[in-house]
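Colleague: Could you take me through this model, with the criteria behind each statement?

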Amino acid sequence: RALALAAAYYAALTRLPLDVGAWCRGGSFAVDCHSPEGLAAQSTNRTAIRVILPSAGQTGTTSVIMALRELGMRAWHADDFSIYAKKAMIDEFRPREWIQFASRCRMEAISLEPIMDLFPLVLHTSSQAKVVMTWRSYHSWLKSMRDNHLRENRLGYIIVPLYHFGLVSHWVEAWDAMTGQIERVRREAHPFFGRGISISALLYRAVCNGYAWPKNNLKQRGTRKIRAQEEAYLAQMNEVRMHTPAHRLLEFDVRRHGWDEFARFLGVPAPPAGTPFPHPRSKHARTNEPVFENHPLTGGTVWFLLAAMHAANFFLMAAALQALWAAARMAAAHAATRTPATPDTKQRLEQALVACPVVTVLQGVQPAEAVQAGRTLAEAGVRIIEVPLSFPGALEIIGRLVEALPSSVLVGAGTVVTKEEVRAVARAGGALVASPHLDGDLVRCARRRGLLSLPGVCTPSEALAAVQQGADALQVFPAEEVPAVALGSWGPLLRGVPVLIAWVGAPRDMSAYWAAGAKGVRVSSGLLSPGEATPAVRTRLEALLAARPPGPAAGAARVPD
């Protein structure tokens, strides 16, 4: 069962096309970069971008972005604007919209991968910007792409399921609603370095990433559009050369060039001598996630939180499926074991008690002899036969009697103590269940299956509880413990529910009990001997009922001829 639940959740995790939701999509346009500083910097004619990197991925763009950050610029890589500036990635942009978005996010430098096709637009709207085109030979670039693909796959088995926004959005939104921490980092929109690294920022980065937005069409743009073809790779670099004035273009190889060439081109002081040029994605990197790899404690905490959210989802789903499964099983059981409606069966009980107010316990006979014994009792006038479940073959005997005797004879089970026994009696075709004690669950279970319920009671409190729970008749058991005078005081509690006297041993004088309002008597022995004929049984039955006083009900309650 646990494996089935795990498989169901994994299917939801990997197959369901869940939407990112208004919190992520709508907030990206109304919340991200909407800090007071960002709104003040918003422009409509020119961006404040000073450096543009138009090159493909795996050419050193991350190294140059890190270098620009060391020089004090708000430099944006794809890992940054795909989170805080998703609108910049939309495939079909108007200049005015791009200017507003880039200026509001206070971009001072940007690496365009994977949206290199926007380079002409970005260059046109950033009149003061210089262009740094990172490059490497085609074969070297191709090898780097393949190595990067391996690193992405290595980590992808972990982060792809964890980052499934549709399944954790409700938890992330709830946390943000309570704390406001994620909204604060969204409005500030600080790129992912320095103070931009926090649990809230990385959690937002994990669950609301523009790379997954279909409208951005990233599978047909940038490095993916090049598709590792040499001609396309070289053509993209030539396009940059064609659009960029020579004095504004630096072709930069991060493996050979360093701070001197870089700072001289930008017109800024170089860092102190000996300062290494950044290389965050070296060949020794284990993943393609330098933000998480370089901040393992913060990144690990975010992954733990996401795993906890998925675990909570799993347990909630498991509880829901368990409840549905239990409900389905209950409905199927009810449908399979439902017998005739209770009102009809209850009317048969009333008619049977009027015809002969004796419940006869049939025991001491084998299944093969049960039908003949039942016919003898029925011919003698008995209309209610009880077969104790403690007797071997009781359910088989009940089934045989139900088939062989007329419908005027009610056949059921005695000594019923569990709900499974109630269901078994229903499957056997029985019409009633009698218990030596009061159990509300048994009473309700019997009524749900259309069976008569005859619980045993011994006190006024038990009698009232049985009536309130829906019992069809009450068996005063053991009757030796309830004097007739005490039974007479129960009258106001019974609400018309008939009372049967059930002795532990042989029946005693019933005169006082009839006078106290008893409607019947349960006989467990002495009425039928093995192989006995009908006249002898009828004689004993007449003697048992002789003490019953005359009255409307008593007058009708006679032993049939």
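Modeller: I52 is a good place to begin: leaving aside neighbours within four places in sequence, I52 is in contact (heavy atoms within 4.5 Å) with residues including I110, L112, F119, V122 and V132. This is a predicted model, in which local features need pLDDT of at least 70 and side-chain atom pairs count only at pLDDT 80 or more, while totals for chains, interfaces and linings use all residues. Residues are numbered from 1 along each chain as its sequence is written, and side-chain values use heavy atoms, with hydrogens and water left out.

Colleague: How many residues has the largest nonpolar core?

Modeller: A nonpolar core is a set of buried Ala, Val, Leu, Ile, Met, Phe, Trp, Tyr and Cys residues joined through side-chain atoms within 4.5 Å, where buried means under 20% relative accessible area, exposed over 50% and partly exposed in between, with a 1.4 Å probe and protein chains only. Among the residues with the most contacts inside the largest core are I49, I52 and W76, and its size is 61 residues.

Colleague: Is W503 buried or exposed?

Modeller: W503 lies in the loop between strand 13 and helix 25 (511–515), with helices (H or I, at least four residues) and strands (E, at least two) being DSSP runs numbered from the N terminus. Not counting residues up to four places away in sequence, W503 touches ten residues by name, F477, A479, E480, R508, D509, M510, Y513, V521, R522 and S524. Because its relative accessibility is 4%, W503 counts as buried.

Colleague: Which residue of strand 14 is the bridge partner of L500?

Modeller: Strands pair if DSSP finds at least two bridges between them, and three bridges join strand 13 to strand 14 (residues 520–523), which run parallel. From strand 13 (residues 499–502), V499 and I501 point one way and L500 and A502 the other way, all of them buried. The partner of L500 in strand 14 is G520.

Colleague: Why do the buried residues of helix 26 count as being on the same side?

Modeller: The buried residues of helix 26 are T534, V537, L541, L544 and L545. They lie on the same side of helix 26 because the arc that they cover around the axis, taken from the directions from the helix axis to the C-beta atoms, is only 85°.
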